Number of protein chains: 2
Amino acid sequence: MRNVAIIGIGQTPVGEHWNTGLRALAAQAAREAIENAGSPTIDALYIANAFGGSINHQSHIGALVTDFIGLSGIETFAIEAAEASGGAALRTAYLAVASGLVNTALVVGVEKMTDSIAAAGVKARSTGLDADYEAAHGATLPALAALLMRRYIYENQLDISAFEGFSINAHANGSRSQNAMFRNVIKPGRFASAPIVADPVNLFDGAPDADGAAALVLTAAERAGDMVPQPVRITGSAASSDTLALHDRTDPLYLKAAYHSALKAYQQARVQPQDIDLFELHDAFTILSTLTLEATGFAKRGEGWKLAQDGHIALTGSIPISTFGGLKSRGNPAGATGIYQAAEAVLQLQGDAGANQVEGARTAMLQNLGGLGSTAITHILQI
Amino acid sequence: MRNVAIIGIGQTPVGEHWNTGLRALAAQAAREAIENAGSPTIDALYIANAFGGSINHQSHIGALVTDFIGLSGIETFAIEAAEASGGAALRTAYLAVASGLVNTALVVGVEKMTDSIAAAGVKARSTGLDADYEAAHGATLPALAALLMRRYIYENQLDISAFEGFSINAHANGSRSQNAMFRNVIKPGRFASAPIVADPVNLFDGAPDADGAAALVLTAAERAGDMVPQPVRITGSAASSDTLALHDRTDPLYLKAAYHSALKAYQQARVQPQDIDLFELHDAFTILSTLTLEATGFAKRGEGWKLAQDGHIALTGSIPISTFGGLKSRGNPAGATGIYQAAEAVLQLQGDAGANQVEGARTAMLQNLGGLGSTAITHILQI
């Protein structure tokens, strides 16, 4: 295999893009990434999109976007793993470039969730659950996250306010990012009294549906240095899976796929959790942040929330997370989310994160989850 | 890169599987392929599915199937390029194994189109067209194929009966295949009077929506020979794209993506069209068969239909196509179709095609199209 590097990134602001269609949104991020990479020849375009067929009545988005940005003719297809689609598309591009069969690949994550009524977003996300045994009975992603959170609170004898640190941190970081959807600061003490979405998950707990597109350009590491001043190496890339249905897990509070994919990525990159300077984790719900920190070696079981309470997840902490607002404040445009994570980590490693900079960041980890951790895809980036 | 080989195949019959759900259908093909490969350790499962989110309210099918067949934990995600999803997933698995990062990959193509009313299938297939500029105005895949066919008839001063050879050949071959959906023989002369679907496309012209699942096991060629008696080498693999919307093509009767992906595959495999012993092409409509034969070097422009009329596409002809019935008679379970093409070609190369055997077949080509050739993915297999 060849080593692989990221040489360009592009991002649109995340939010409600009522005046921009799916293809235009994708094109905006794609063009920015190509320009950022010094306009190299692009050999393939891999699209990350989770719910286009359901929400936008548009599948076949590889051909759609490739055509729209004037690259018609090149290799293209879409990759899907519910909310982990972005991580999966990055993984695909990594495999393609590593194989030596594709020289330079563009990865575009795009999701346009506000084209339909709000309920369509909930229904679309439910297709990422088990359609027969969960969604058909009315279970939704927030409802299942609420079950997990309730159990965690019970097991560890906590109060809901134990989780507030995650949202406070996300919004503090997001408030300084021009791409973030919700830039309001959440004041300590306000979290626990936010309106309930699915008890105990509340409005300040879960990440919002959103529109957005982000893009990356990948090429062989050996030539990346000649193409851009600061290529970012992908030193770890791993995917793992868990049961699709939550009720099939013997230990629902253990994110098995998150653990295994992180472990494989650590091994490949030859790093340990303490070597990670920042971690863009999948904070779709605070319970997922908690469980992720526990599964990936940053906290003991039952203690992930303490990292948030004690400030360790802040930009100046021992393991900064959600450095541009995370899913919670930047927004969660499903299939695009994993690509935003990567783009943000690249900015951090290149020292271009502005007010959100993690000082001296050399090693970043990203983990993108599908559903409630049924798919977990982890990448480690280094400069 | 490492060379890659197919070491196992599995197929369910194609048809209307009212009593078998999406996951069970996929599992049936997956288990058969694993057993056929000698039950090796599987490191990754790539799913080809086009319309699960729309028709089955189920996305995230990688985690679904991986879980259901007892492989939860391994890498998995889905690949989509409308009806070319199967070819794209095969391409992904090929890239993964070629990279050296994945040793043995399972590829499962699955589509369950008859869970919903028939109109849902038409609507789902329309998501593979341009949602804003084609589907929103009522254009469907058969309607656009009809425009192409009408134009071809006009340009070449033909009668609709010029196309009958494709359907007669497909059903003749399908009539001897236990997996084929429609095993009726079409008698010469009956084609032109079949009920119209979208004038001039008729019931004997277009391939039927269907349920089905097919699977392949891929591993490094260097170890394949130790694992199974007759590994089939993938010597060419290429993807290309064309405009998504038909109206954007300067020359709609030239399948640009089909041409480019075939050319790249020929070059990689170092073969010419005359070296191809059989060609599983994308005969969703007879006009696509015609245009494909022209684009891939088997016929001059305007003359693809002659290969059918003159018997060259028969099992004993110079370029046998649709050897187990093709999309037309075997059936077209969208995302699974490209995997059926590969499984059928493997049977041919291994000499296990029974009554459908192409004698002495050593080199097979597969081409899977998305929409009306907006995506084209070509593989060349050799034994």
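Trainee: Which residue stands opposite Ile79(A) in S3(B)?

Mentor: Ile79(B) does. Strands here are DSSP E runs of at least two residues, helices are H or I runs of at least four, both numbered from the N terminus. Two strands pair if DSSP finds at least two bridges between them. In this case, S3(A) and S3(B), residues 75-80 of chain B, pair in the antiparallel sense over three bridges. Keep in mind that the model is predicted: local features need pLDDT of at least 70, side-chain atom pairs count only at pLDDT 80 or more, and totals for chains, interfaces and linings use all residues. Residues are numbered from 1 along each chain as its sequence is written, with chains lettered from A and ligands numbered from 1 in the order written.

Trainee: How many degrees of rotation superpose chain A on chain B?

Mentor: In general, two copies of a chain are related by a rotation about an axis and a shift along it. Here the rotation is 180° with 0.0 Å of shift along the axis, at RMSD 0.0 Å; the fit is least squares on C-alpha atoms of residues with pLDDT of at least 70 in both copies. The copies are therefore related as by a two-fold rotation axis. In chain A, the C-alpha nearest that axis belongs to Ser99(A), 1.8 Å away.

Trainee: How many residues does the contact take from each chain?

Mentor: Residues are in contact if their C-beta atoms, placed from the backbone, lie within 7 Å. By that rule it takes 52 from chain A and 52 from chain B. Among the elements of chain A that each supply at least two residues are helix H4 (85-99) and strand S8 (232-241).

Key. Two residues are in contact if their C-beta atoms, placed from the backbone, lie within 7 Å.
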